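Q: I would like a close look at one part of this structure. Please start from one proline loop and work outwards.

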Amino acid sequence: RTRRATTAATAAAQTSAQESAQIPAHHQQQQQEFSVIDVGTGAGLPGMVFAIARPHWKVTLLDSLRKRCDFLQATADMLGLTNITVLWSRAEDGGRRADLREAHDLAVARAVADLRVLSELCLPFVRPGGLWVAAKGANPEDEVAAAQNALTKLGGKLLAVERVESWSPEGQRTAVVVAKSSSTPSRFPRPPGTPSKKPL
């Protein structure tokens with residue numbers, strides 16, 4: 001299974017590179033500035049896929065487990081992906097780093113956590129004018145409503161809850177799309193563990 005997945009990923013990377021070569025040079029230069037961070041990336045989804053499919057994007061894979069980061073770095077090296085940075089860090093710590101805070105056009109998260117918690121872990125990474133997209137289940141409306149206060153405090157504004165082409169036993173999955181409308185106050189994110197214990 002691992003070999004098949006690796007072969008498929010390699011083929012995807014090669015195909016993407018060929019498609020990228022057809023993009024005009026000035027357009028590639030503009031797109032090169034697009035920066036993405038995958039918060040709590042786990043096995044590298046969706047960040048690794050982004051890096052393969054969009055070689056002109058700069059993708060940061062952030063995870064708190066060293067073994068996962070070692071695996072992701074080895075995979076990126078094997079595939080020759082030079083547009084990936086693997087970062088071993090808790091999101092609460094990374095969100096306070098000057099080189100990461102409000103430095104990304106897009107943050108994504110697939111973590112199974114309450115939206116109030118995820119918003120504090122993800123929005124500090126997004127520059128004003130950027131987007132945060134959180135993968136959610138079939139019926140996230142109550143969770144989204146409960147997160148409105150957290151979004152406001154962190155400088156976010158709900159744009160949409162989009163249905164995606166993916167289904168679970170509960171129904172069609174969704175993506176919560178949040179715009180970064182203003183800078184996140186310096187007191188956020190709070191110390192590690194606090195967002196989960198005391199959601200906004």
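In which loop does Pro46 lie, between which strand and which helix?

A: Pro46 sits in the loop between strand S1 (35-39) and helix H3 (47-53). Helices (H or I, at least four residues) and strands (E, at least two) are DSSP runs, numbered from the N terminus. The model is predicted: local features need pLDDT of at least 70, side-chain atom pairs count only at pLDDT 80 or more, and totals for chains, interfaces and linings use all residues. Residues are numbered from 1 along each chain as its sequence is written, and side-chain values use heavy atoms, with hydrogens and water left out.

Look at the loop's peptide bond. Leu45 and Pro46 are joined in cis, with omega near 5 degrees. A second cis bond links Phe188 to Pro189, at an omega of about -5 degrees. Pro189 belongs to the loop between strand S7 (171-180) and helix H9 (194-197).

Now step back to S1. Here 5 of the 5 residues are buried, so S1 is largely enclosed by the rest of the structure. Buried means under 20% relative accessible area, exposed over 50%, and partly exposed in between (1.4 Å probe, protein chains only). Ser35, Ile37 and Val39 point one way from S1. Val36 and Asp38 point the other way.

Next, the partners of S1. Two strands pair if DSSP finds at least two bridges between them. S1 runs parallel to S2, with 5 bridges. Val36 stands opposite Val59 in S2. S1, H3 and S2 form a right-handed β-α-β unit; right-handed means that, with the strands pointing away from the viewer, the path from the first strand over the helix to the second runs clockwise. S1 is also parallel to S4, over 3 bridges. There, Ile37 faces Ala107.

These pairs belong to a wider sheet. Its 7 strands take the order S3-S2-S1-S4-S5-S7-S6; the sheet is open and the pairing mixed. Strand S3 (84-88) and strand S6 (156-168) stand at the edges with a single partner strand each, so one side of each has no neighbour in the sheet. Neighbouring strands are turned by 20 degrees against each other on average, direction ignored. Strand S5 (residues 126-136) pairs with S7 in the antiparallel sense, over 6 bridges. In that pair, Leu131 of S5 has Ala179 of S7 as its bridge partner.

Helices pack on this sheet. Helix H4 (residues 66-79) touches strand S2 (58-63) and S3, and its direction makes about 165 degrees with that of S3. H6 touches S1, S4, S5 and S7, and its direction makes about 145 degrees with that of S5. Contact means heavy atoms within 4.5 Å. Axes are lines fitted to C-alpha atoms, for helices over the stretch in contact, and angles run from 0 to 180 degrees between N-to-C directions.

H6 therefore brings us back to S1, one of the strands that it touches. In helix H6 (residues 115-122), 7 of the 8 residues are buried, so H6 is largely enclosed by the rest of the structure. Among those buried are Leu115, Val117, Leu118 and Glu120. At the N-terminal end, Asp114 caps H6. A side-chain oxygen of Asp114 lies 2.8 Å from the backbone nitrogen of Arg116.

Conventions:
Polar contact = N/O pair within 3.5 Å; in protein donor to acceptor, adjacent residues only side chain to side chain.
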